[in-house]
Amino acid sequence: MRKFVPYKKEALPLREETDILVVGGGPAGIGAAIQAARNGAQVILVERHGFLGGNITACYVETCNHFLFKHPDKVGGLYKEIEEKYKQQFGRSDDIRSDFPAHRFSSEYLKVFLDKFFEENKVRILYH
């Protein structure tokens, strides 16, 4: 039987401090980080890839916002804000490619948009 050896207690240098640390830059992490920053917290988001968006941008799930398209109820919130600001900056997806439905994101443009959106909302991102 192996003998348990406790770790040595030693002081590690503190590299950085933050109020909120969000791990993962997919849709849930995006919402958590932006809303925390808008509520006055200093926020750092850690993402393993070199871009935000999770499966939307990594796996080209560009129709993730289909539930907002022609929805009979008024849909709002942060996700709707992202969709509207994205379209203001890059236009509708059928303007980019004629074979794209209007409600679809372009994954590559969304990566660029999210980087700027995080910068505007003062959320620091650590990639890779």
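**A walk around E81 and the rest of the chain**

Hi everyone, let me start with one residue: E81 counts as buried, because its relative accessibility is 18% and the cut-off for buried is under 20%. Before I go on, please keep in mind that this is a predicted model. I'll come back to E81, but here is the overall layout.

The chain has 128 residues, and 35% of them are buried. You can pick out five helices and three strands. Reading from the N terminus, the order is β-α-β-α-α-α-α-β. How do the contacts spread along the sequence? Taking contacts between residues at least 6 apart in sequence, 57% link residues that are at least 24 apart.

Now to the inside. Which residues of the largest nonpolar core touch the most other members? The answer is L45, F113, F118 and V123, out of 22 residues in that core. Several elements feed into this core with at least two residues each: α1 (27-38), β2 (43-47), α3 (78-90), α5 (107-120) and β3 (123-127). If you'd like one residue to follow by eye, try F113. Setting aside residues up to four places away in sequence, F113 touches I82, K85, Y86, Q89 and F90.

Next, a pair of helices. Two packed helices are described by the angle between their axes and the distance between the axes. For α1 and α3, the axes come within 11 Å and cross at roughly 95°. An angle from 65 to 115 degrees counts as roughly perpendicular, and α1 and α3 are therefore roughly perpendicular to each other. Who makes that contact? From α1 we have I30, G31, I34, Q35 and R38, and from α3 we have L78, E81 and I82. Sorted by character, the residues of this contact are four nonpolar, two polar and two charged.

And there is E81 again, which brings me to charges. Side chains of opposite charge can pair when their charged atoms come close. In this model the count is seven salt bridges, and I'll show you a few of them.

The first on my list joins the side chains of E81 and K85, at 2.9 Å from N to O. Both residues sit in helix α3, four residues apart, about one turn of the helix. Are the two partners buried or exposed? E81 is buried at 18% relative accessibility, whereas K85 counts as partly exposed because its value is 34%.

Staying in α3, K87 pairs with E83, and their closest N and O atoms are 3.7 Å apart. These two are also four residues apart in helix α3, so about one helical turn separates K87 from E83. K87 is partly exposed, at 26% relative accessibility, while E83 is buried, with a relative accessible area of 4%.

Over in α5, K111 forms a salt bridge with E108, with 3.1 Å between the closest N and O atoms. The spacing here is three residues within helix α5, so again K111 and E108 lie about one helical turn apart. Here the lysine, K111, is the buried partner, with a relative accessible area of 15%, and E108 is partly exposed at 40%. Finally on this topic, R38, E81 and K85 belong to one network, joined by salt bridges that share partners.

Let's visit a glycine next. G54 lies in the loop between β2 and α2 (55-58). How far is G54 from G26, in sequence and in space? They are 28 residues apart in sequence, and their C-alpha atoms are 3.8 Å apart. Not counting neighbours within four places in sequence, G54 contacts G25, G26 and C59.

Last stop: backbone angles. Most residues other than glycine have a negative phi, and most peptide bonds are trans. With that in mind, look at K122, which is not a glycine and has a positive phi near 60°. K122 sits in the loop between α5 and β3, and K122 is exposed, with a relative accessible area of 69%. H128 also has a positive phi, of about 60°, without being a glycine. You'll find H128 in the segment after β3, where H128 is exposed, with a relative accessible area of 76%.

To wrap up, if you look at just one place afterwards, try E81: it takes part in the contact of α1 with α3, and it shares a salt-bridge network with R38 and K85. Thanks for listening!

Key. Residues numbered from 1 in each chain as written. Predicted model: local features only at pLDDT ≥ 70, side-chain atom pairs only at ≥ 80, totals over all residues. Heavy atoms only, no water. Core = buried A, V, L, I, M, F, W, Y, C linked by side-chain atoms within 4.5 Å. Buried < 20%, exposed > 50% of the residue type's maximum accessible area, 1.4 Å probe, protein only. Contact = heavy atoms within 4.5 Å. Axes fitted to C-alpha atoms, helices over the stretch in contact; angles between N-to-C directions. Parallel < 35°, antiparallel > 145°, perpendicular 65-115°, else oblique. Nonpolar A, V, L, I, M, F, W, Y, C, P; charged D, E, K, R; others polar. Salt bridge = Lys/Arg side-chain N within 4 Å of Asp/Glu carboxyl O.
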